[in-house]
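Q: I'm new to this structure and would like a close look at one part of it. Could you walk me through the disulfides?

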Amino acid sequence: MAAPSACPAWRAGVLTLLLSAVVHCNDIYEYDPLQPTTSDETVSVGGTVTLTCRVDESDNSSLQWSNTAQQTLYFGEKRALRDNRIQLHRSTPTELSITISEVQLSDEGEYTCSIFTMPVRTARASVTVLGVPTKPQISGFEAAVPEGEEVTLTCTSSGSKPPAVLHWYRGDKRLAARPDVVESTPGEPTYSVRSEVTLTVSRSDDNALVTCAVVHPSLAPGDKRSEQPLRVLYSPDVKILPQSDLPKEGERFYLKCEGSGNPEPSTFTWQKKDGELGPQVTIDRAFLNFEMLNKSHNGVYLCQAGNGIGSQGQGEYTLLVQDPTAMASGSGVDHAVIGGVVAVIVFILLCLLIVLGRYLIRHKGTYLTHEAKGSDDAPDADTAIINAEGGTSGVEDKKEYFI
């Protein structure tokens with residue numbers, strides 16, 4: 001029967017310990033209006049940082065800032081350390097703010113704000129200095145490479161703290177690269193970062209830009225990047241361009257073999273499919289010249305262009321020589337047909353106008369209002385006037401008749 005009475009006693013002991021802990025915590029964190037407060041700051045190398053120390057109430061005690069080596073920087077409004085980079089920003093009975101310009105990596109650490117009351121009260125502010133990375137350098141691309149081969153590019157950047165991150169882009173597209181290699185700089189709290197990316201190039205990559213960008217908290221997006229244009233060697237794409245779209249018999253004419261490659265094509269070979277080039281046809285590198293076109297020149301012409309890279313490119317063109325007399329007669333027939341159609345339309349319009357005019361004339365008619373009828377039937381002049389003016393003495397209302 002003793003066990004049940006032990007449980008309430010155990011609970012009472014735990015409750016007592018909790019209450020004493022709460023009272024102890026309240027004693028520790030009791031509000032003190034003279035306790036200075038500060039905030040941690042982060043700044044990049046070369047920047048400016050502001051350190052602010054405040055108290056809620058003043059008892060006329062002076063505030064003081066000390067550096068990481070516990071050297072006094074400012075005591076109230078009085079400068080204590082001869083360092084022109086450190087300047088007074090604001091000094092009031094409840095605040096002391098200072099600025100440090102042209103911040104260096106050696107300025108990183110804890111700074112102390114003190115108020116000389118009894119006892120002395122202090123607060124600390126941690127200053128973190130970011131090492132700004134250098135502009136990235138791209139290496140590994142010295143000369144143009146043939147289409148289909150691999151290219152490995154290396155990007156390096158140094159001086160970052162914490163270590164920077166490197167990103168690769170081809171145009172606006174992010175590229176997958178190997179993990180960054182991070183190395184610490186001897187004698188410095190900074191790091192050097194290296195990244196590599198391997199590309200299999202195609203002809204569409206010729207003159208494309210590959211970009212290496214540095215990502216770091218000390219930089220805005222895109223602040224530091226480098227670009228490397230690619231040069232790709234590829235065989236020509238060939239097409240044949242005619243001098244005109246309607247080659248006519250008896251005229252001079254040429255076909256031009258146009259090849260786009262890197263480098264530009266240097267050799268051109270012309271041939272006619274299923275036949276010889278024929279008389280009065282000469283080759284001048286990219287041009288196939290016809291001194292005087294005739295029907296025998298009809299056919300499919302092939303041009304091969306080479307630049308020493310891969311296989312030669314080939315284009316083709318079907319030549320169909322037009323008969324100028326047939327074209328002229330065809331043009332005459334067309335004009336005659338058009339003229340005939342126009343004449344028929346004009347004739348129809350004239351006929352319509354004549355019929356419409358006669359219709360209007362026939363239905364215009366004449367008016368017989370019979371206004372004078374009353375005067376003809378009246379026995380005397382007075383009755384005639386009354387009847388003519390619309391009197392009601394046995395005369396009908398005026399009516400109009402259309403004939």
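A: Let's go straight to cysteine 155 and cysteine 212, which form a disulfide with their sulfur atoms 2.0 Å apart. Keep in mind as you look around that this is a predicted model. Cysteine 155 sits in strand β12 (residues 150-160) and cysteine 212 in strand β17 (residues 209-215), so this pair links distant parts of the chain, 57 residues apart. The torsion about the S-S bond of cysteine 155 and cysteine 212 is about -85 degrees, which makes the disulfide left-handed. Neither end shows at the surface by the usual cut-off, where buried means under 20% relative accessible area. Cysteine 155 has 0% relative accessibility and therefore counts as buried, and cysteine 212, also at 0%, counts as buried too.

While you're around β17, take a look at the loop between β16 (191-200) and β17, where you'll find serine 202. With 26% relative accessibility, serine 202 counts as partly exposed. Leaving aside residues up to four places away in sequence, serine 202 touches Glu147 and Val232. Another residue to pick out from there is glutamate 150: serine 202 is 52 residues from glutamate 150 in sequence, and 9.6 Å from it in space, C-alpha to C-alpha.

Now for the wider set. Searching the whole structure turns up 3 disulfides. Another of them joins cysteine 53 to cysteine 113, with an S to S distance of 1.8 Å. Cysteine 53 belongs to strand β2 (residues 49-54) and cysteine 113 to strand β8 (residues 109-115), so this pair ties together parts that are 60 residues apart in sequence. For cysteine 53 and cysteine 113, the torsion about the S-S bond is about -75 degrees, so this disulfide is left-handed. Cysteine 53 and cysteine 113 are both buried.

Further along the chain, cysteine 257 is joined to cysteine 303 by a disulfide, S to S 2.0 Å. The strands involved here are β20 (residues 253-262), which holds cysteine 257, and β24 (residues 299-306), which holds cysteine 303, so the pair ties together parts 46 residues apart in sequence. This disulfide is left-handed, because the torsion about the S-S bond of cysteine 257 and cysteine 303 is about -95 degrees. Cysteine 257 is buried, and cysteine 303 is as well.

How do the pairs line up along the chain? If you count the bonded cysteines in order, the disulfides follow the pattern 1-2, 3-4, 5-6. There's also cysteine 351 to look at: it is partly exposed, with a relative accessible area of 31%.

How far can you lean on the picture? The protein's mean pLDDT is 85, and 80% of its residues reach 70 or more. Over residues 21-27, though, the pLDDT is below 50, and that stretch has 0 contacts in the model beyond near neighbours in sequence. Residues 391-403 also have a pLDDT below 50, but this stretch has 13 contacts beyond near neighbours in sequence.

One last stop is the second largest pocket, which holds about 150 Å³ of space. Its lining includes Ser58, Asn60, Gly76, Pro93 and Glu95. The elements giving two or more residues to that lining are β6 (86-92) and β7 (95-100). Sorted by type, the lining residues of this pocket come to 3 nonpolar, 7 polar and 1 charged.

Technical notes. Residues are numbered from 1 along each chain as its sequence is written. This is a predicted model: local features need pLDDT of at least 70, side-chain atom pairs count only at pLDDT 80 or more; totals for chains, interfaces and linings use all residues. Side-chain values use heavy atoms; hydrogens and water are left out. On a 1 Å grid over the protein atoms alone, a cavity is a set of points where a 1.4 Å probe fits but cannot get out, and a pocket is an open set with protein on both sides within 12 Å along at least five of seven lines; lining residues have an atom within 4 Å of a point. Grid points are joined across faces, edges and corners, and a volume is the space filled by probe spheres set on the points. Helices (H or I, at least four residues) and strands (E, at least two) are DSSP runs, numbered from the N terminus. Ala, Val, Leu, Ile, Met, Phe, Trp, Tyr, Cys and Pro count as nonpolar, Asp, Glu, Lys and Arg as charged, and the others, Gly among them, as polar. A disulfide is a pair of cysteine sulfur atoms within 2.5 Å. Buried means under 20% relative accessible area, exposed over 50%, partly exposed in between (1.4 Å probe, protein chains only). pLDDT is the predictor's confidence in each residue, from 0 to 100. Contact means heavy atoms within 4.5 Å.
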